Amino acid sequence: MKALNQILERARRDPQRIVLCEGQDERVLQAAVKAAEDGIARILLVGSGAAMAAGARELGVSLSGVELLDPADSPLTEPLAEALFSLREKKGMTREQASAAVREPLCFANMLVREGHADGSVAGAVNTTADVVRTAIQLLGLAPGSKLVSSFFLMMLCKPFHNLKGGMIFSDCGLVIDPDAEQLAQIAMAAADSARALLDEEPRVAMLSFSTSGSAQHGNVEKVVEAAREVKSRRPGLAIDEDVQLDAAIVAEIAERKLPDSKVRGNANVLIFPDLEAGNIGYKLAERIGGAEAIGPLLQGLAKPANDLSRGCSVDDIYHVIAVTTVQAQSLSSVTEA
């Protein structure tokens, strides 16, 4: 898969410190070892030291290339607890509560990222999405200019029968249920940034609807149009089509007929769905009927990379999310240095 291979290669060129906080799960252990051996990330694995060592022995894998951190006895635990107390004191957290909280692996991992000991985190094989997202928002915060954390899927269309080739961003398919126009604009801008970071090409955004260029009149269409116009005002150089049906978004001949003034010209690489219901159905259709590979849901809009996993994830799923998180961290680093 060319698009996925490009992400893996970019990760290998500049591996980042990625922390996984579910080191007692055998899938996470295997993915961590594979990622470290393949050089796509410098892995920090958080959990009970004894349990992780026992798990590695049972699996017959070596943890020599992985840094193990046990919140119960790590020298970083107390400094992280103090940092957490400073962050959450105004929310009513006491020092004792901070000390207890930071000993939980999910909190410990995110504080590692916040305090610069890691560049990104991956969780969700054991923890719920609600816990992963809430902890990331509370401890990492929102990216500058962002008002919303949303999600996206990186869809890989690389099989011989795919008419479209390469990677696409589908958003939001996993988090924001019924965004209003402002939230939809935030999702579109974040997804455009995700496309630029992960696909290594300029984003071409289609704001999906059952209408193309005002062919239907409805409040749902008006929301999409309002969101698109908000994006245009904030990102005047971004290629984006307002209300557009899927066929006109991805088929050049149809776009030419239906939307002759299109900026995307039927070549969208970012599809913005009007709500979670449409997005969830859309990505699953592309995956199950269209044969696309779906990586995600991934998070966007955070100050630093933190990604969620499905609790049904495979070793390969975790491995690919580690690679994506590395590339996200690379992108953030390049922006910070600039």
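The legends below describe close-up views of a predicted model. Residues are numbered from 1 along each chain as its sequence is written, and side-chain values use heavy atoms, with hydrogens and water left out. Because the model is predicted, local features need pLDDT of at least 70 and side-chain atom pairs count only at pLDDT 80 or more, whereas totals for chains, interfaces and linings use all residues.

**View 1. The two domains of the protein chain.** The chain is divided into domain 1 (1-137 + 312-337) and domain 2 (150-289), with bounds that come from an automatic or database domain assignment. The C-alpha centres of domain 1 and domain 2 lie 31 Å apart. Eleven residues of domain 1 are in contact with eleven residues of domain 2, contact meaning heavy atoms within 4.5 Å.

**View 2. The open sheet of five parallel strands.** Five strands form this sheet in the order 3-2-1-4-11, and the pairing is parallel; helices (H or I, at least four residues) and strands (E, at least two) are DSSP runs numbered from the N terminus, and two strands pair if DSSP finds at least two bridges between them. Strand 3 (67-69) and strand 11 stand at the edges with a single partner strand each, so one side of each is left without a neighbour in the sheet. Neighbouring strands are turned by 25° against each other on average, direction ignored, where axes are lines fitted to C-alpha atoms, for helices over the stretch in contact, and angles run from 0 to 180 degrees between N-to-C directions. Strand 4 and strand 11 pair in the parallel sense over three bridges, and the bridge partner of Ala123 in strand 11 is Asp308. Helix 2 (residues 26-38) packs on the sheet, where it touches strand 1 (16-20) and strand 2 (41-46), and its direction makes about 155° with that of strand 2.

**View 3. The open sheet of six strands with mixed pairing.** The strand order is 8-7-9-6-5-10, and the pairing is mixed. Strand 8 (239-244) and strand 10 (293-300) are the edge strands, each pairing on one side only. On average, and with direction ignored, neighbouring strands of this sheet are turned by 20° against each other. Strand 6 (residues 166-171) and strand 9 (residues 270-272) run parallel and are joined by three bridges, and within strand 9 the bridge partner of Ile169 is Val270. Helix 1 (residues 2-13) packs on the sheet, touching strand 5 (150-157), strand 6 and strand 10, and its direction makes about 120° with that of strand 5.

**View 4. The largest cavity and its lining.** A search of the whole structure finds one cavity of 30 Å³ or more; on a 1 Å grid over the protein atoms alone, a cavity is a set of points where a 1.4 Å probe fits but cannot get out, and lining residues have an atom within 4 Å of a point. The volume of the largest cavity is about 40 Å³, a volume being the space filled by probe spheres set on the points. Among its lining residues are Leu106, Asn110, Val132 and Asn307, and strand 4 supplies the largest share, three residues.

**View 5. Backbone details at three residues.** The peptide bond from Ser171 to Asp172 is cis, with omega near -10°, and Asp172 has its place in the loop between strand 6 and helix 8 (181-199). A second view centres on Pro297, found in strand 10, where a cis peptide bond joins Gly296 and Pro297 with omega about 10°. Asp200, in the loop between helix 8 and strand 7 (204-208), has phi near 60°, a positive value in a residue other than glycine.

How values were computed: On a 1 Å grid over the protein atoms alone, a cavity is a set of points where a 1.4 Å probe fits but cannot get out, and a pocket is an open set with protein on both sides within 12 Å along at least five of seven lines; lining residues have an atom within 4 Å of a point.
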